[in-house]
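User: I'd like a close look at one part of this protein, with enough of the surroundings to make sense of it. Here is what I have in front of me.

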Amino acid sequence: MSQNLGNQALNKAIDVIDAIADGHRQLKTICQHTELPKSTVHRILQGSLKPDIFVK
C-alpha cells in the first residue's frame, strides 16, 4: 500500500514538472493543466524549491 502511495506522489510531481516544461508558469495554469488541487501543486513546488531546479 505505501508503494502505491509513493507512486501516486511521484506521478503527481512528474505531472507538475511536465506542466512547467510545457510553459505553464503560474499556479493557476499548472493546476488547470494537471487537474490537481492548488494545495497539492503548491506542496510539490515547495518541496522542489532547491537552488535553481527549475531555472535555465
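How many helices and how many strands does the protein chain have? After that, please walk me through helix α2 and what follows it: which residues of α2 are buried, and which does Cys-31 contact beyond its neighbours within four places in sequence?

Analyst: Happy to. Keep in mind that this is a predicted model. The protein chain has three helices and zero strands, and along the sequence the pattern reads α-α-α. Buried residues account for 21% of the 56 residues. The accessible surface is about 4,500 Å², and carbon and sulfur atoms supply 53% of that.

A word on confidence before zooming in. The average pLDDT for the chain is 86, with 80% of the residues at 70 or above. Your part of interest does well here: confidence is highest in α2, at a mean of 97, and lowest in helix α1 (residues 2–21), at 87.

As for annotation, UniProt has an unreviewed entry that puts the feature "domain: HTH iclR-type" at residues 9–46. In the model, that span is 79% helix and 0% strand, and its end C-alpha atoms are 14 Å apart.

Now to α2 itself, which covers residues 27–34. Its buried residues are Ile-30, Cys-31 and Thr-34. Looking down the axis of α2, these fall within an arc of 100°, so they line one face of the helix. Turn to the face pointing away from that buried side and you find the exposed residues Lys-28 and Gln-32.

Let's take two of the buried ones in turn. Cys-31 sits in α2 and has a relative accessible area of 12%, so it counts as buried, the cut-off being under 20%. Setting aside neighbours within four places in sequence, Cys-31 contacts Leu-36, Pro-37, Lys-38 and Val-41. Two of those partners can be placed right away: Pro-37 belongs to the loop between α2 and α3, while Val-41 is one of the buried residues of α3. There is also a distance worth having: the C-alpha atoms of Cys-31 and His-42 are 9.3 Å apart, with their positions eleven residues apart along the chain.

Thr-34 is in α2 too, and is buried with a relative accessible area of 14%. Its side chain reaches back to the backbone oxygen of Ile-30, at 2.8 Å. Beyond its neighbours within four places in sequence, Thr-34 contacts Asp-15, Val-16, Ala-19 and Val-41. Val-41 therefore shows up in the contact lists of both Cys-31 and Thr-34, two residues that count as buried at under 20% relative accessible area.

One of the Thr-34 partners deserves a stop of its own. Val-16 lies in helix α1 and is buried, with a relative accessible area of 0%. Leaving out neighbours within four places, Val-16 touches Ile-30, Thr-34, Leu-36, Val-41, Ile-44 and Leu-45. That list takes in Ile-30 and Thr-34 from the buried set of α2, along with Val-41, Ile-44 and Leu-45 from the buried set of α3. Val-16 and Val-41 are 25 residues apart in sequence, yet their C-alpha atoms are 6.9 Å apart in space. For the chain as a whole, among contacts with a separation of 6 or more, 30% are between residues 24 or more positions apart.

Next, what comes after α2. The helix is followed by Glu-35, which has a positive phi near 60°, and it does so although it is not a glycine. Glu-35 is in the loop between α2 and α3 and is exposed, with a relative accessible area of 72%. Pro-37, in that loop as well, is partly exposed at 45%. Measuring C-alpha to C-alpha, Pro-37 and Leu-27 are 10.0 Å apart in space and ten residues apart in sequence.

That brings us to α3, residues 38–47, where the buried residues are Thr-40, Val-41, Ile-44 and Leu-45. Seen down the α3 axis they fall within an arc of 130°, so here too they line one face of the helix. Lys-38, Ser-39 and Arg-43 are exposed on the other side of α3.

To pull your part together: α2 has a buried face made of Ile-30, Cys-31 and Thr-34, Thr-34 contacts Val-16 and Val-41, and Cys-31 contacts residues that include Pro-37 and Val-41.

Notes:
Residues numbered from 1 in each chain as written. Heavy atoms only, no water. Buried < 20%, exposed > 50% of the residue type's maximum accessible area, 1.4 Å probe, protein only. Helix = DSSP H or I, 4+ residues; strand = E, 2+ residues; numbered from the N terminus. Arc of directions from axis to C-beta. Contact = heavy atoms within 4.5 Å. Areas by Shrake-Rupley, 256 points an atom, 1.4 Å probe, with all protein chains shown as cover. pLDDT = per-residue confidence, 0-100. UniProt positions renumbered as here; feature names shortened; annotations may be inferred. Polar contact = N/O pair within 3.5 Å; in protein donor to acceptor, adjacent residues only side chain to side chain.
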